[in-house]
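Let's walk through this structure together, from the overall chain down to single residues. Keep the sequence and the 3D view side by side as you read.

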Amino acid sequence: ARAGARPLVPRQQVTQPGRLSQGQPPRHQHPGRRPTGRLQPLRHLAGRPFRQPALAAEGCLMFRLRLYQRYLMRETFAAVFLVLAAFLALFTFFDFMNELRRIGEGGYELRHAVFFVALSLPGMVYELLPIAALIGSLYALSTLARHSEITVLRASGLATRDLLLTLFRVAGLLALLTLLVGEALVPVSERTAQELRTRALSKVIAQGFDSGIWVKDGRSFINIRKAIPGAGLEQLRIYKFDQASVLESVTDVATAEFQPPDRWLLKGVVRTVLEGDRARVERAETAEWQSAVNPDLLSVLMVTPEMMSLPGLINYTRHLSENRQKTERYEIAIWKKLVYPLAALVMVALALPFGYSHDRVGGVSLKIFAGVMMGILFYALNGLFSNLGIINAWPPFASATAPSALFMLAAAGMLWWVERR
């Protein structure tokens, strides 16, 4: 027979090693039935396409998970939440020990310390989730590599791209969880915790200077000596300027109570009006004062910008911008709120190259230690670039995204090096 000619043996009678002839049903199986999953080729596990009945719509294809994807996601989620629980237990213990030193100050008691630490948990979860994603992914992938499960998957035809996309599914859910915690739980819990401790310690909200809190509202400068949560404002002084930036009046107020949406009820009002070289004093028991300053705006002084909600940050930044005040710190915080949840994607990409090594002795512990060091470095770089951005007037977007961008470049370089080997 000439080269390239078809064999004379019928195709259906050729039996390859490890397979049954297409014309002969397997033993212990009824004729006409499809072979069981045990006889399916290994490339099914590796994610290669194979024929399936069209039972689901095309739009749901991306949500269907293959066996190896479910297994990897389950192992990764278990490791991430185990690491997160360990971190929460550790930092909660440290915070509780720190709060015990305050017991006895004012009306601060043990129950206040317990409630304060409990209300601080959502903030810890928000900050620690990306780091837990890194260390948990490292642990899961290293364990799979130690048992040669990653090797089996790659030998079955699984590409690095498919493995990375599976990890991105995990990271996407973790990023969504980080966003929900940061927007729904953290602002409320942090504000409540600070108010609880402030009331128990009998302290004011904040002391920007020795003279109290200073707020700019249009052409008025407001000095607040005391701003007690739930009790309004005390000892206010309002400096009002005209369009020529000349002092027009000074108003001293004993107490002020907010009346939604934009008014304050002032009590014990003494107003000094400046008219050229003369001054006139007006006294009143009560008066109304319309201002853009409200309790939500003042509560910003109690919570760090990173722990505020995105709408609260935007509103306060707009207020500062309208009053021609510096907004760099809060603009950086806005971008960090948008970018920080996506750090989970960077972390799992950084962990993937470690899953390709095959150290059977001491490998997992060394990789976990490396993950802890990288997590600390990421946390430190986040704070460092934020402060450098404020000091050097860097673009807020660059200051907020620089740490994640550096870690993503490192992950891409490590993946390239692993694939090249």
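A residue is called exposed when its relative accessible area is over 50%, buried when that value is under 20%, and partly exposed in between. Please keep in mind that this is a predicted model. With those cut-offs in hand, try S245: its relative accessible area is 54%, so S245 counts as exposed. You will find S245 in the loop between β3 (233–241) and β4 (247–259). The backbone at S245 has a phi near 60°, which is a positive value in a residue other than glycine. To put that in context, most residues other than glycine have a negative phi.

A393 is another residue to look at in this way. Its phi is near 55°, again positive in a residue other than glycine. A393 sits in the loop between α10 and α11, and with a relative accessible area of 56% A393 is exposed.

Now step back to the whole chain. The protein has eleven helices and six strands. Of its 421 residues, 39% count as buried. The accessible surface comes to about 25200 Å², and carbon and sulfur atoms account for 60% of that area. Among contacts with a separation of 6 or more, 60% join residues 24 or more positions apart.

What lies on the inside? The largest nonpolar core has 65 residues, and L174 and F407 are those with the most contacts inside it. Helix α3 (residues 121–146) provides the largest share of this core, with 14 residues. A second, separate core of 16 residues includes I213, L236, A256 and W289. Turning back to L174, and leaving out residues up to four places away in sequence, you can see that L174 touches F77, V80, F81, L129, A133 and A344.

A344, one of those partners of L174, leads us to helix α9. This helix spans residues 343–351 and is mostly covered, with eight of its nine residues buried. The buried ones are A343, A344, V346, M347, V348, A349, L350 and A351.

Next, compare two residues in two other helices. Is I332, in helix α8, buried or exposed? Its relative accessibility is 2%, so I332 counts as buried. Beyond its neighbours within four places in sequence, I332 is in contact with S386, G389, I390, P396, S399 and A400. The C-alpha atoms of I332 and P305 are separated by 9.1 Å, while the two residues are 27 residues apart along the chain. L366, in contrast, lies in helix α10, and L366 is exposed because its relative accessible area is 59%. From L366 to S142 the C-alpha to C-alpha distance is 10.0 Å, although 224 residues separate the pair in sequence.

That brings us to the empty spaces. Rolling a probe the size of a water molecule over the atoms shows where empty space is left. How many cavities of 30 Å³ or more does a search of the whole structure find? The search finds one, and the largest cavity has a volume of about 30 Å³. Its lining is made up of K336, V339, Y340, A343, F378, N382, A400 and S404. You have already met A343 as a buried residue of α9 and A400 as a contact of I332. Helices α8, α10 and α11 (396–420) each supply at least two residues of this lining. By type, the lining of the largest cavity divides into five nonpolar residues, two polar and one charged.

Finally, look at the second largest pocket, whose volume is about 1000 Å³. It is lined by 39 residues, and the closest to its centre are G123, M124, E127, M307 and Y379. Several helices take part: α1 (67–100), α2 (110–119), α3, α5 (160–201), α8 (328–339) and α10 (363–392) each supply at least two lining residues. Which helix gives the most to the lining of this pocket? The answer is α10, with ten residues. The lining of the second largest pocket is made up of 20 nonpolar, ten polar and nine charged residues.

Key: Residues numbered from 1 in each chain as written. Predicted model: local features only at pLDDT ≥ 70, side-chain atom pairs only at ≥ 80, totals over all residues. Heavy atoms only, no water. Buried < 20%, exposed > 50% of the residue type's maximum accessible area, 1.4 Å probe, protein only. Helix = DSSP H or I, 4+ residues; strand = E, 2+ residues; numbered from the N terminus. Core = buried A, V, L, I, M, F, W, Y, C linked by side-chain atoms within 4.5 Å. Contact = heavy atoms within 4.5 Å. 1 Å grid on protein atoms, 1.4 Å probe; cavity = no way out; pocket = protein on both sides within 12 Å on 5 of 7 lines; lining within 4 Å. Points joined across faces, edges and corners; volume = space filled by probe spheres on them. Nonpolar A, V, L, I, M, F, W, Y, C, P; charged D, E, K, R; others polar. Areas by Shrake-Rupley, 256 points an atom, 1.4 Å probe, with all protein chains shown as cover.
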